[in-house]
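I sat down with this chain today and kept a few notes as I went. Here is the model I was looking at.

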Amino acid sequence: MLLFRLAGVPREIVADEYQLTDLGLREAAPKIVEQILKSPNLGLDEETVKQIVVAKKEYLLGLCDVLEKRYGGAEQYFRDYLKMSAAEVQVIKSNLIVDEKPIFGRADQDPNTGY
């Protein structure tokens with residue numbers, strides 16, 4: 001999520017992409033929950049763990065809100081919390097962002113931005 005936001009991907013797209021995780025993890029989710037519940041140091045109940053394992057859109061949108069409100073956005077998070085310089089953050093961004101139009105896209109994408 002941090003890298004998506006650092007690259008300037010709109011929060012709605014980030015949440016939509018992460019929500020797809022549920023499709024891939026649906027069959028494995030019970031085993032993941034079981035393994036997490038075996039961790040004695042976490043002290044989490046089963047219902048809480050089940051909520052953690054799913055990637056619901058509203059959860060990700062909430063996380064995006066926290067990133068903006070608490071840290072001032074992804075770039076500030078990298079700079080202030082992870083103690084990276086502006087140059088280091090720029091290197092990451094330059095490796096994530098290309099000036100090419102997407103070859104494949106969704107029907108609702110802006111043809112100019114790809115989002």
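**Entry 1: the arginine near the start.** I am working from a predicted model. I began with the side chain of R5, where a polar atom lies 2.5 Å from the backbone oxygen of V9. I then checked where R5 sits, and found R5 in helix α1, which covers residues 2-6. Next I asked which residues R5 is in contact with, leaving aside its neighbours within four places in sequence. My list reads P10, R11, V14, C64, L67, E68 and A74.

**Entry 2: the whole chain.** I stepped back to look at the fold. I counted 8 helices and 0 strands in the protein chain. Read from the N terminus, the order of elements is α-α-α-α-α-α-α-α. I also looked up how the contacts spread along the sequence: among those with a separation of 6 or more, 54% are between residues 24 or more positions apart.

**Entry 3: inside and outside.** How many of the 115 residues count as buried? I noted 22% of them. For the surface, I wrote down about 8400 Å² exposed by the protein chain, with carbon and sulfur atoms supplying 56% of that area.

**Entry 4: a nonpolar patch.** I went looking for nonpolar patches on the surface and noted one of about 240 Å², made by L3, L96 and I97. I placed I97 in the segment after α8, the helix that spans 86-96. Is I97 buried, partly exposed or exposed? Its relative accessible area is 37%, so I97 goes down as partly exposed, given that this class lies between 20% and 50%.

**Entry 5: aromatic rings.** My count of aromatic pairs came to 5. One that I looked at closely is F4 with Y18: the ring centres are 6.1 Å apart and the planes stand at 85 degrees, so I logged the pair as edge-to-face, the label for planes over 60 degrees apart. This pair links distant parts of the chain, as F4 belongs to helix α1 and Y18 to helix α2 (residues 11-19), 14 residues apart.

I checked the exposure of both partners too. F4 has 34% relative accessibility and counts as partly exposed. Y18 is also partly exposed, and I noted 28% as the relative accessible area of Y18.

**Entry 6: a cluster.** Which residues form one aromatic cluster? I wrote down Y71, Y77, F78 and Y81, and closed the notebook there.

Terms used. Residues numbered from 1 in each chain as written. Predicted model: local features only at pLDDT ≥ 70, side-chain atom pairs only at ≥ 80, totals over all residues. Heavy atoms only, no water. Helix = DSSP H or I, 4+ residues; strand = E, 2+ residues; numbered from the N terminus. Polar contact = N/O pair within 3.5 Å; in protein donor to acceptor, adjacent residues only side chain to side chain. Contact = heavy atoms within 4.5 Å. Buried < 20%, exposed > 50% of the residue type's maximum accessible area, 1.4 Å probe, protein only. Areas by Shrake-Rupley, 256 points an atom, 1.4 Å probe, with all protein chains shown as cover. Patch = residues over 30% accessible without salt bridge, like charges linked within 9 Å, V, L, I, M, F, W, Y side chains within 5 Å. Salt bridge = Lys/Arg side-chain N within 4 Å of Asp/Glu carboxyl O. Phe/Tyr/Trp six-rings, centres within 6.5 Å; stacked < 30°, edge-to-face > 60°.
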